[in-house]
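Here is a short report on one protein model. Keep the sequence at hand as you read.

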Amino acid sequence: MRSKKLEGLVEQGFITESQAQYLEDAVARKETIIISGHRGHGLTQLFGSLLMSIDKATTSFKQVRKPESDFETDADYYIIGDLKDVDWEAMLTQVVLKDGANMMVMKAPEYTYSIMKILRDAAKQGDITGKIFQTVECKKIGEEKKVAKITQTIVNESGKAVRKNFEG
């Protein structure tokens with residue numbers, strides 16, 4: 001594993017080794033990663049650990065602080081953290097439609113956007129059939145924070161989102 005922080009999350013039992021490797025491979029393939037769940041359920045720790053797994057020699061990335069100007073810079077990955085006063089759906093649709101660009105973003109309850117709506121809207125505006133979206137669901141199970149599920153979503157040629165859960 002590239003990220004020692006990710007290895008630490010495996011050792012803590014937050015994420016399984018196969019889940020961690022799957023996500024690290026998804027980052028290496030430059031797939032969009034959406035880390036979903038409530039604050040306090042490990043979103044930030046996973047987000048930071050996956051950032052550490054980006055191969056900076058082969059992958060360009062841009063941390064988004066000012067969406068109105070940051071998307072003018074081309075990048076393989078746009079890193080989107082905690083932004084205030086933004087139209088999340090419009091901003092994320094813009095990234096989905098951008099050729100060669102993907103993102104790593106959190107989906108906490110206070111961020112009012114629907115991933116499926118973004119994919120539907122983007123599919124109507126352009127061809128996004130080659131893009132892969134990994135949604136990682138973080139939950140508290142009992143008293144333990146865990147990665148509960150990873151779902152891969154692609155948009156097929158007819159513009160329909162197709163989901164498949166990671167089994168591993």
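The text below goes from a helix to single residues and then to empty spaces.

This is a predicted model, in which local features need pLDDT of at least 70, side-chain atom pairs count only at pLDDT 80 or more, and totals for chains, interfaces and linings use all residues. Residues are numbered from 1 along each chain as its sequence is written, and side-chain values use heavy atoms, with hydrogens and water left out.

**Helix 1**

Helices (H or I, at least four residues) and strands (E, at least two) are DSSP runs, numbered from the N terminus. Helix 1 spans residues 4-12, and L6, G8 and L9 are buried there. Buried means under 20% relative accessible area, exposed means over 50%, and partly exposed lies in between (1.4 Å probe, protein chains only). These buried residues sit on the same side of helix 1, because they cover an arc of only 155° around the axis. The arc is taken from the directions from the helix axis to the C-beta atoms. An α-helix has 3.6 residues a turn, so residues three or four places apart point the same way.

What covers the buried residues? Helix 2 and helix 3 (43-51) are included in the cover. The face turned away from the buried side carries the exposed residues K4 and E11. At the start of helix 1, a side-chain oxygen of S3 reaches to within 3.3 Å of the backbone nitrogen of K5. Just after helix 1, G13 takes a positive phi of about 85°.

**Two buried residues**

Y22 is found in helix 2, residues 17-28. Y22 has a relative accessible area of 18%, so it is buried. Contact means heavy atoms within 4.5 Å. Leaving aside neighbours within four places in sequence, Y22 is in contact with R29, Q134, I150, Q152 and F166. The side chains of Y22 and Q134 are joined by a polar contact of 2.9 Å. A polar contact is a pair of N or O atoms within 3.5 Å; within protein, one must be able to donate a hydrogen and the other to accept it, and residues adjacent in sequence count only if both atoms are side-chain atoms.

E31 lies in the loop between helix 2 and strand 1 (32-36). E31 counts as buried, at 5% relative accessibility. Not counting residues up to four places away in sequence, E31 touches A26, Y77, N102, M103, I132 and Q134.

**Positive phi outside glycine**

Two residues other than glycine are listed here with their positive phi.

| Residue | Phi | Loop | Relative accessibility |
|---|---|---|---|
| K30 | near 65° | between helix 2 and strand 1 | 24%, partly exposed |
| D85 | near 55° | between strand 3 (77-80) and helix 5 | 84%, exposed |

**The largest cavity**

Rolling a probe the size of a water molecule over the atoms shows where empty space is left. On a 1 Å grid over the protein atoms alone, a cavity is a set of points where a 1.4 Å probe fits but cannot get out, and lining residues have an atom within 4 Å of a point. Grid points are joined across faces, edges and corners, and a volume is the space filled by probe spheres set on the points.

The structure holds 1 cavity of 30 Å³ or more. About 60 Å³ of space lies in the largest cavity. Its lining includes I34, L92, Y113 and F133. Helix 6 gives the most to this lining, with 3 residues. The lining residues divide into 10 nonpolar, no polar and no charged. Ala, Val, Leu, Ile, Met, Phe, Trp, Tyr, Cys and Pro count as nonpolar, Asp, Glu, Lys and Arg as charged, and the others, Gly among them, as polar.

Notes:
1 Å grid on protein atoms, 1.4 Å probe; cavity = no way out; pocket = protein on both sides within 12 Å on 5 of 7 lines; lining within 4 Å.
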